Amino acid sequence: MRRLTENKLVIASHNQGKIRELKTLLDPLGYTLLTAADLDLPEPEETGLTFEENARLKAVAAATASQLPSLADDSGLAVDGLNGAPGIYSARWAAPERDFGLAMERVYKELQSTSPHNPTARFVSVICLAWPDGHVEYFRGEVEGAIVWPPRGDQGFGYDPIFQPDGFDITFGEMSADQKHGWTLGQEQALSHRARAFKRFAEECLEG
C-alpha cells in the first residue's frame with residue numbers, strides 16, 4: 001500500500017455534489033485541494049464495467065494531465081429488485097440534464113413493475129487514488145438500506161431522497177452532512193458509502 005506524502009491533491013470530478021462531499025471529508029486533513037473543474041480537465045468517458053474501472057479511468061486521467069496525485073470516486077445505487085440497476089449507470093439514468101427527479105421516478109416505477117415487495121438496495125462507492133507514474137490504490141465502501149417513496153428531504157444529492165439506510169427512519173436526503181457521513185462526528189463506523197470508502201483511504205494511505 002503506497003502512502004500519500006504529497007500535500008496537494010486533485011479531486012477528479014466535475015460533479016459539484018460529489019466534490020462538496022469529498023471536500024467535507026478531506027478539508028480537516030490539511031491538503032491543498034484542486035478539482036478537475038478548477039483545472040479545466042476534460043471528463044473521460046466512463047467505459048468501464050465496474051465501479052473500480054470507472055474510478056480508475058477518472059483518477060488516472062486527472063493524475064496524468066495534472067502531474068499530481070488524483071482521487072476519483074465512482075458510485076451508484078444498486079437496487080436488488082432491479083438486479084443491481086442502475087449501478088454503474090446511476091448518473092446516466094438522470095439523462096444528460098442530470099435530472100435526478102426523473103431518475104428516482106424511473107427507479108420507483110421499474111421497481112413497482114418488476115419487484116414491488118423487494119425494496120432493498122445499497123449505495124456503493126469506490127475511491128481510486130492515482131499517481132502520475134500510474135500507480136493506483138482502491139478503497140470500497142457500501143451501505144445497505146431500502147428504497148422509499150415518495151422522495152423525502154432536500155439534503156445531499158442524486159438518489160439520496162429515496163434511500164433510507166438500515167437502522168434509520170430518515171433518508172440520506174433528510175440528513176445533514178455530519179449525520180450522513182457519520183465518521184465526521186467521531187463515530188467508529190462511518191455511515192455513508194462514500195465516508196466508508198474514504199475511511200479506508202485515510203487509514204491505509206495517509207501518513208500519521
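Author: Before we look at β4 and β5, note that two strands pair if DSSP finds at least two bridges between them, and keep in mind that this is a predicted model.

Reader: Okay, so how many bridges join β4 to β5, and do they run parallel or antiparallel?

Author: The two strands run antiparallel and are joined by 11 bridges, and one of the facing pairs is Thr120 with Ala146 in β5.

Reader: What sits between the strands in that hairpin?

Author: There are 5 residues between β4 and β5 in the hairpin, where Gly134 takes a positive phi near 100°.

Reader: And which residue stands opposite Ile147?

Author: That is Phe163 in β6, a strand covering residues 163–165, which runs antiparallel to β5 and is joined to it by 3 bridges.

Reader: Switching to Glu137, where is it found, and is it buried or exposed?

Author: Glu137 belongs to strand β5, which spans residues 136–147, and Glu137 is buried although it has no salt bridge.

Reader: Why no salt bridge for Glu137?

Author: The nearest side chain of opposite charge, Arg2, is 6.0 Å away, and a salt bridge needs the charged atoms within 4 Å.

Reader: Then what does the side chain of Glu137 make a polar contact with?

Author: Its partner is the side chain of His135, at 2.8 Å, and, leaving aside neighbours within four places in sequence, Glu137 is in contact with residues including Met1, Ile127, Trp131 and Cys205.

Reader: Last one: which elements have the lowest and highest mean pLDDT?

Author: Helix α4, residues 177–181, has the lowest at 83, whereas strand β4, residues 120–130, has the highest at 97, and the mean for the protein is 91.

Key
Residues numbered from 1 in each chain as written. Predicted model: local features only at pLDDT ≥ 70, side-chain atom pairs only at ≥ 80, totals over all residues. Heavy atoms only, no water. Helix = DSSP H or I, 4+ residues; strand = E, 2+ residues; numbered from the N terminus. Buried < 20%, exposed > 50% of the residue type's maximum accessible area, 1.4 Å probe, protein only. Lys, Arg positive; Asp, Glu negative; His and termini not counted. Polar contact = N/O pair within 3.5 Å; in protein donor to acceptor, adjacent residues only side chain to side chain. Contact = heavy atoms within 4.5 Å. pLDDT = per-residue confidence, 0-100.
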